[in-house]
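Work through the exercises below with the model open. Try each task before reading its solution.

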Amino acid sequence: MSKRSARASLLFLARYSLGSAALQPVVGTASARSTSGVCLDMTPKPKSVWTAADEKQAKEARSKLDVWPLDEYNAALLNQVHPIDYESSQPPHEIYDLIALGAGAGGLVSSKQAARRGAKSAMISEYLAGGDCLNVGCVPSKALIRAARAIREVRGSSEFGVVIPPGAITVDFGAIMKRMREKRADIAPADGHEGTTGAGAQVFQGRGRFTGPNTIEVNGVTLQFRKAVVATGGRPAIPNVPGLKEAPYTTNEILFNLETLPPRMVILGAGVIALEMAQTFATFGSDVTVIQRSERLFQSKGGDKEAAQILQASLEEDGVTFVTGSTKKVTTLRPRGEGPDDFPLLKVTVSGKDGDIDLDCECLVVATGRVANVEDLGLEQAGVEYELGKGVIVNDLSQSVSNADVYAVGDCVAGVPRLTHMSGEMAKVVVQNSLFEDDWKLSSLVVPAVMYTEPEYATVGIFAEDAASKAGVEVDVYSASLEHNDRAITDSDTRGLCKILCKAGTDEIVGATIVASRAGELINEVTLAMKHGIGLSGIGRNIHSYPTTGEAVMGCGLQFINSRWKRLDG
Ligand SMILES: Cc1cc2nc3c(=O)[nH]c(=O)nc-3n(C[C@H](O)[C@H](O)[C@H](O)COP(=O)(O)OP(=O)(O)OC[C@H]3O[C@@H](n4cnc5c(N)ncnc54)[C@H](O)[C@@H]3O)c2cc1C
């Protein structure tokens, strides 16, 4: 055991028993003598916990962790994902089989799965375990999206015979945000430190940095590893717009702390995060404007034109305004105040094709893409190659191209889809490859992506003709609209389509776009077919329950089959 880790072990011994109840502080003995003869202070120390309405803690949670208000739900969240003064209950191992640097989906899955498969495993968490997804991404956004759906359903319910007196529907934004915090706290234990240690991995709370090709330092302790996984995630990209950096703008990192609905919201960017939040906040009652650079949605990504039109029209129906142009400058007319209602006032100047447009707002959301967290991690000391903004450079095994003992997963990796399920799947790939010398390839993964607007927009593989021509793949397109889908008709929601692309002249599926109320569920069938080499005719021959919107997927299969029917008259 190295000198450093021996010292750290004593520290852990002093505070905790090493028995089976790993998280139980030692109680009863005032002092004890360790085997090395050092006198250890064994006085039980009261364990601090985050407590709702504790003003000092509330200030700390806000200033250090960007979390507020400190109500019972946020206190419960923090007690799971960033306990106060957290210290591991176990002495560090002399050498770890695997250490995950980062505690989002990628770090959690890597460290827990490694431990469950018998490895000496650790996870280092600087900030909030659960990463973006739990704290400031998927979970809070989907909870708000659900609330918006409920509001839309109630507003549109007169068609179904529900009688609501005029002016009777009001939206309680405070209650919506409280429900979101409650749901997030409900999910938190799955990502909390207790869950991770329960799986057998050790947790270190602090910033980790590589100090060499096989060492990481955290809280002054050097940990040695056979394999490490960089899982440090990403953060919002802030474009270089004059006045923006000094302005009180908002990103996903603080948006979910809002306690009062902003009267006017301007969103820079028209990607997934931007559009999900645009529709949601417009439904809540904000006056929302989205600034997009391209003439149509998803143009730069080669997205489907028809899908883009349906989605833009749906968002406009819900009150979102789209402005096309580039953002010229941001002017702060009034700074942010102290209270939840004290919104700042900003002016955003957009240069459009007919001249400048000024947009005033109380909330400016920047959602113009993401950059990888690769700075100040000691990657240079570890000899791990990376590209600023883009991320760690890995090979098809998710392994660093320059240090074979270091792997990387998730949003901190260059050139992979930035999605929770991608981070999780990459983590499984890494555990398998790094600990069991396998060769599971990233190129074998088929990764669907969903935008949870209403209707949803789901894609997989080469999802549109533009994308196919960019990739140099010749395709045939099979398409079914929801206009003639009986379930969509009885639901009064016929906006949508399913397009499946096959390699020209064959039924080999290369990708799909689905726009439908639950497109996120429907795309899984196409993903499964692609992953397991089931052709489009196989989907057409798969009996789908009637009436379901999934019949649109089968409809594309039937088109393929019918186009090859033998005919008596032909
Ligand atoms: C608003 C929003 C909505 C989203 N919705 C969805 C969705 O619906 N579905 C979906 O699939 N994806 C969604 N995403 C994307 C998803 O959140 C990310 O792809 C996912 O969180 C990436 O996981 P990760 O583990 O790679 O990184 P992260 O979640 O970013 O986790 C990285 C972790 O590493 C820690 N860390 C960083 N540096 C260090 C260090 N030096 N030492 C110790 N710890 C460190 C960080 O504190 C953090 O906990 C959304 C994202 C946003 C912003």
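Three exercises follow on this predicted model.

**Exercise 1. The nonpolar core**

Find which residues of the largest nonpolar core touch the most other members, and which helix gives the most to this core.

Solution.
- Start with the core, which holds 158 residues.
- Rank its members by the other members they touch: Ile99, Val229, Val230, Ile267, Ala278 and Leu364 touch the most.
- Turn to the helices: H10, residues 272–284, gives the most, with eight residues.
- Now take Val230, and leave out residues up to four places away in sequence. Its contacts are then Leu101, Gly102, Leu377, Val384, Val392, Val406, Ala408 and Cys412.

**Exercise 2. The ligand shell**

Describe the residues around the ligand by distance, element and class.

Solution.
- Collect the shell: 37 residues surround the ligand.
- Pick out those that come nearest: Gly102, Gly104, Gly131, Gly233 and Gly410. Gly102 is also one of the contacts of Val230.
- Assign elements: H4 (105–116), S4 (121–125), H5 (131–136), H6 (138–155) and H13 (420–436) each supply at least two shell residues.
- Sort by class: 13 are nonpolar, 18 polar and six charged.

**Exercise 3. A helix pair**

Characterise how H4 and H13 pack, from axes to residues.

Solution.
- Fit the axes: those of H4 and H13 come within 8 Å and cross at roughly 35°.
- Assign the hand: the crossing is right-handed.
- List the H4 side: Ala105, Gly106, Val109, Ser110, Gln113 and Ala114.
- List the H13 side: Thr420, Ser423, Gly424, Met426, Ala427, Lys428, Val430, Val431 and Leu435.
- Classify the contact residues: eight are nonpolar, six polar and one charged.

Technical notes. Residues numbered from 1 in each chain as written. Predicted model: local features only at pLDDT ≥ 70, side-chain atom pairs only at ≥ 80, totals over all residues. Core = buried A, V, L, I, M, F, W, Y, C linked by C-beta atoms within 7 Å. Buried ≥ 20, exposed ≤ 12 C-beta atoms within 10 Å, placed from the backbone. Helix = DSSP H or I, 4+ residues; strand = E, 2+ residues; numbered from the N terminus. Contact = placed C-beta atoms within 7 Å. Near = placed C-beta within 6 Å. Nonpolar A, V, L, I, M, F, W, Y, C, P; charged D, E, K, R; others polar. Axes fitted to C-alpha atoms, helices over the stretch in contact; angles between N-to-C directions. Left-handed = near helix turned anticlockwise from the far one by under 90°.
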